[in-house]
Amino acid sequence: MTLVDQQPPTKSSSPNEEDRHPTLSDFLVKTVDKESDRLGQLNDFFNSPQIKSELHWFTHRDTLERAAVRNDRKLYYYRPFDEILGGLMVWCESRVLEDHQAQIRLVAVHPAYREYGIGRYLVKSAIKFAKVWEKSTMIADVAADASAVGFWKACGFHQVDQYQTKGGREMYQMQRRIN
Ligand SMILES: CC(C)(COP(=O)(O)OP(=O)(O)OC[C@H]1O[C@@H](n2cnc3c(N)ncnc32)[C@H](O)[C@@H]1OP(=O)(O)O)[C@@H](O)C(=O)NCCC(=O)NCCS
């Protein structure tokens, strides 16, 4: 099944997992590490047609790979059963960031599973990670006309800057204090 189908995923298609009852751990946000086979799945997730069009930018696989191997970056995913339902990439160090800032570079939730709290859960995980890095501010950029502005506001962010991309798209920088 692909995201294009927009159908909720089945609980499990693996014969080994068919009889297994879900445990709490299935519902936890997890981290992609360098050995994980989740990197390819997360790449496919972020680059699925609908999510790619909503994010307005292309996610290169190398960018995800770097986030998986660097200890100042993290890739999170939410996959309670056999399909990724949400993903997030957060950076704590970068030449584009000030010392006190961490940045959520990417966040998306499967279209059929929105408004269930998955996005907020991913953001919480990113904030927890940024606190370990002693960051005091989380930032995120969003297209000014995207409905995701409402998501950031609901997650405690407010607009601190406005700019135009080279392509002429109006953007907001959203920010939230995290300590
Ligand atoms: C933005 C996105 C990640 C939100 O994920 P989600 O799992 O639906 O969000 P949640 O269910 O955790 O919602 C958290 C809060 O944000 C609000 N919210 C979520 N999406 C919203 C939207 N489009 N407009 C207004 N508010 C929204 C929810 O109502 C909720 O508020 P509440 O707790 O006060 O009820 C998801 O819609 C998405 O993947 N969009 C496409 C990709 C995208 O735009 N990413 C952000 C780019 S900057």
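How far is an oxygen atom of the ligand from a polar backbone atom of Gly 117? The distance is 2.8 Å. The model is predicted, so local features need pLDDT of at least 70 and side-chain atom pairs count only at pLDDT 80 or more, while totals for chains, interfaces and linings use all residues. Residues are numbered from 1 along each chain as its sequence is written, and side-chain values use heavy atoms, with hydrogens and water left out.

**View 1. The ligand and its surroundings.** There are 20 residues around the ligand (a heavy atom within 4 Å of it). Val 109, Glu 115, Gly 117, Gly 119 and Arg 120 come nearest. A polar backbone atom of Val 107 lies 2.8 Å from a nitrogen atom of the ligand. For Tyr 116, a polar backbone atom is 3.3 Å from an oxygen atom of the ligand.

**View 2. The largest pocket.** A pocket is an open set of points on a 1 Å grid over the protein atoms alone, where a 1.4 Å probe fits, with protein on both sides within 12 Å along at least five of seven lines; lining residues have an atom within 4 Å of a point. The largest pocket holds about 1,200 Å³ of space, a volume being the space filled by probe spheres set on the points. Its lining has 40 residues, and Leu 55, Val 107, Ala 108, Ala 148 and Trp 152 lie nearest the centre. Two or more lining residues come from each of helix H2 (49-55), strand S3 (86-91), strand S4 (101-109), helix H4 (118-132), strand S5 (137-143) and helix H5 (148-154). Helices (H or I, at least four residues) and strands (E, at least two) are DSSP runs, numbered from the N terminus. S4 gives the largest share of the lining, 7 residues.

**View 3. Helix H1.** Of the 9 residues in helix H1 (residues 38-46), 7 are buried (under 20% relative accessible area, 1.4 Å probe, protein chains only). They are Arg 38, Leu 39, Gly 40, Leu 42, Asn 43, Phe 45 and Phe 46. These buried residues pack against H2, helix H3 (61-69), S2, S3 and S4.

**View 4. Arg 79.** Arg 79 sits in the loop between strand S2 (73-78) and S3. Its side chain makes a polar contact (in protein, a donor and an acceptor N or O atom within 3.5 Å; sequence neighbours count only if both atoms are side-chain atoms) with the side chain of Gln 41, at 3.4 Å. The side chain of Arg 79 also reaches the backbone oxygen of Phe 81 at 3.2 Å. Leaving aside residues up to four places away in sequence, Arg 79 touches (heavy atoms within 4.5 Å) Asp 26, Arg 38, Gln 41 and Ile 84.

How values were computed:
Buried means under 20% relative accessible area, exposed over 50%, partly exposed in between (1.4 Å probe, protein chains only).
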